[in-house]
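Colleague: Please take me closely through a single part of this model, the surroundings of the ligand. I would like one connected account, with the cut-off behind each term stated as it comes up.

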Amino acid sequence: MSTNEPETYSALDAPEYAPAQFVRWFREVAPYVHTLRGKTFVVGFGGDLVQAGALNALIQDLSLLTALGVHLVLVHGSRPQVNEQLRLKGFSYQFGRGIEPTSPEALECAKEAAGEIRLDIEAAFSQGLPNTPMSNAHIHIISGNFVTAQPVGVIDGIDYKHSGKVRKFDLDAMKKIISHGAVLLMSPIGFSPTGEAFNLAMEELATSTAIALSADKLIFMTQNSILKDLQDNVITEIAREDADNLIRQGHLDEDTACFLQHASNAVKRGVKRAHLIPFELDGSILLEYFTHDGVGTMVVEDTLDDLRPATVDDIGAIVSLIEPLEADGTLVPRGRNVIERDVEKFTVLEHDGIIYGCVSLIPYPESKMAEMACLIVNPDWQGSGEGEILLRHAENKARALGVKRLFVLTTRTSHWFVKRGFVQGTINDLPAEKQMNYNRSRNSLIFIKKL
Ligand SMILES: CC(C)(COP(=O)(O)OP(=O)(O)OC[C@H]1O[C@@H](n2cnc3c(N)ncnc32)[C@H](O)[C@@H]1OP(=O)(O)O)[C@@H](O)C(=O)NCCC(=O)NCCS
């Protein structure tokens, strides 16, 4: 490569670089790319992200998502900047997390801070230097008076003055903007019909926006507010009810509890997924979307939603799970037409629109038996319990059909089944119909589990 060529591509020349690895990676992310088009993401971040110097990197990643067809709404906060303004003007008062009273002076500081951050964001979206991820991006970012606000009012004797909450959105205008590929930018200031401005909390504004737009994702970019287990591992997915229980237990720090509460509210009211993502990790929003486990915590209404009956639209995904295993002899070759014919016997495991596992159940009602076949988890995602989830599902489905014994034919996975309560059987244990079709040359082992 000549030295005049863009620097971004020079990485391909590095001795340790493996082109095959690049191609493999690119193909692996393809399913995620296909699912992005037309999805609405609301991304909320506080002024702390701007203060930490993470704005440009975030905007570059968001530009990429926009280019891939995501309808993007950005909601920014400005709390540290408002506090800084207050301090510079000699006020001792400082805003914390949550809704607090806003004095006339604090409102002026909030307007100044919002204006400044808005301009920083617009500038960041306008970058287009060659050899950077923003080259040729040409993304328009539009902000305006889309939020009608109302005063928080007086609560428990405290007058919240210029603190406001969302009353309604100009949804038609907002949808038009994002559907035309522009980014919609919402500042934490709303206006009342009397022309007054109100200081809004970023977390509430982002949550209300996501709910109003029935967004596919609400994403909070947070400094450190992701959930971790006792071993300090990130909890990558949590059901909304479990998140609510965690908040009720009261052990979370104030910031995490606040973000998690808003994420939970959003999911409860129709937003498909809500994420808490650490902004200090470079590229975290891409890692969260384009890798299976992500790097943050995702709140979902019900984790079992990931398991659903297959439809004809899933045939392609099922075939691509099965084909490599047919090719290496793990599974008996079936052919696409057999899968098309039997697709209603399949259940798929879906994660954010990506199919990464499947299983099929073929009942033999006369012998009160059923065969579990094509139990597959994508090799990249094996070892996290997904195989167990599919097995449990097949067992429950079989029980509901009155099946007493579940069997599998396997050549290479016998130990997995033995560990899960299956015992080896013989051809004579199979339903008569299956005995006739048993492929003796393949010599598969037969494992049976009493349900
Ligand atoms: C079998 C299969 C579905 C398990 O999926 P999974 O999501 O990895 O399963 P789980 O996470 O619930 O279980 C992982 C455990 O199974 C073990 N395991 C995986 N494949 C195994 C095999 N062929 N034999 C024995 N154990 C196996 C792993 O080592 C791991 O053990 P550990 O928990 O002690 O670390 C997956 O390996 C697969 O798709 N295999 C190829 C298709 C296949 O053989 N299907 C069965 C015939 S229909």
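**The surroundings of the ligand**

Modeller: At a relative accessibility of 13%, W381 counts as buried (buried means under 20% relative accessible area, exposed over 50%, and partly exposed in between, with a 1.4 Å probe and protein chains only). The model is predicted, so local features require a pLDDT of at least 70 and side-chain atom pairs count only at pLDDT 80 or more, while totals for chains, interfaces and linings use all residues. Residues are numbered from 1 along each chain as its sequence is written, and side-chain values use heavy atoms, with hydrogens and water left out.

The ligand is surrounded by 21 residues (a residue is near a molecule if one of its heavy atoms lies within 4 Å of it), and the closest of these are L375, G383, G385, G387 and T413. Sorted by class, this shell is made up of eight nonpolar, eight polar and five charged residues (Ala, Val, Leu, Ile, Met, Phe, Trp, Tyr, Cys and Pro count as nonpolar, Asp, Glu, Lys and Arg as charged, and the others, Gly among them, as polar).

Polar contacts (pairs of N or O atoms within 3.5 Å) give this picture some detail. A polar backbone atom of L375 lies 2.7 Å from a nitrogen atom of the ligand. A polar side-chain atom of Q382 is 3.3 Å from an oxygen atom of the ligand, and a polar backbone atom of R412 comes to 3.2 Å from a ligand nitrogen. Taken alone, the ligand would expose 900 Å², of which the protein buries 70% (accessible areas come from the Shrake-Rupley method with a 1.4 Å probe). The elements that contribute two or more residues to the shell are strand β18 (369-377) and the helices α13 (386-400) and α14 (414-419); helices (H or I, at least four residues) and strands (E, at least two) are DSSP runs numbered from the N terminus.

R412 can be followed outward from here, since its side chain forms a salt bridge with D328, the closest N and O atoms being 3.9 Å apart (a salt bridge is a side-chain nitrogen of Lys or Arg within 4 Å of a carboxyl oxygen of Asp or Glu). D328 sits in the loop between α11 (315-327) and α12 (336-341), and R412 in the loop between β19 (405-410) and α14, so this pair ties together parts that are 84 residues apart in sequence. D328 itself is partly exposed, at 41% relative accessibility.

Strand β18 takes part in a salt bridge as well: the side chains of E371 and K434 meet at 3.0 Å, N to O. This pair also links distant parts of the chain, with E371 in β18 and K434 in helix α15 (residues 432-437), 63 residues apart, and both E371 and K434 are buried. A search of the whole structure finds 19 salt bridges. For a local counterpart, E122 and R118 pair with their closest N and O atoms 3.3 Å apart; both lie in helix α5 (residues 104-126), four residues apart, or about one turn of the helix. E122 is partly exposed at 21%, and R118 is likewise partly exposed at 32%.

To return to W381, it helps to consider the aromatic pairs, of which the model has 10 (rings of Phe, Tyr and Trp, the last by its six-membered ring, pair if their centres lie within 6.5 Å; planes under 30 degrees apart count as stacked, over 60 as edge-to-face and the rest as tilted). The pair of F22 and W25 is tilted, at 6.4 Å centre to centre and 35° between the planes. F22 and W25 are three residues apart in helix α1 (residues 19-36), about one helical turn; F22 is partly exposed at 37%, as is W25 at 45%. The rings of Y356 and W381, by contrast, have their planes at 85° and their centres 5.3 Å apart, so that pair is edge-to-face. Because Y356 belongs to strand β17 (residues 354-364) while W381 belongs to the loop between β18 and α13, the pair ties together parts that are 25 residues apart in sequence. Y356 is buried at a relative accessible area of 4%, and its partner W381 is buried too.

Definitions and conventions:
A polar contact is a pair of N or O atoms within 3.5 Å; within protein, one must be able to donate a hydrogen and the other to accept it, and residues adjacent in sequence count only if both atoms are side-chain atoms.
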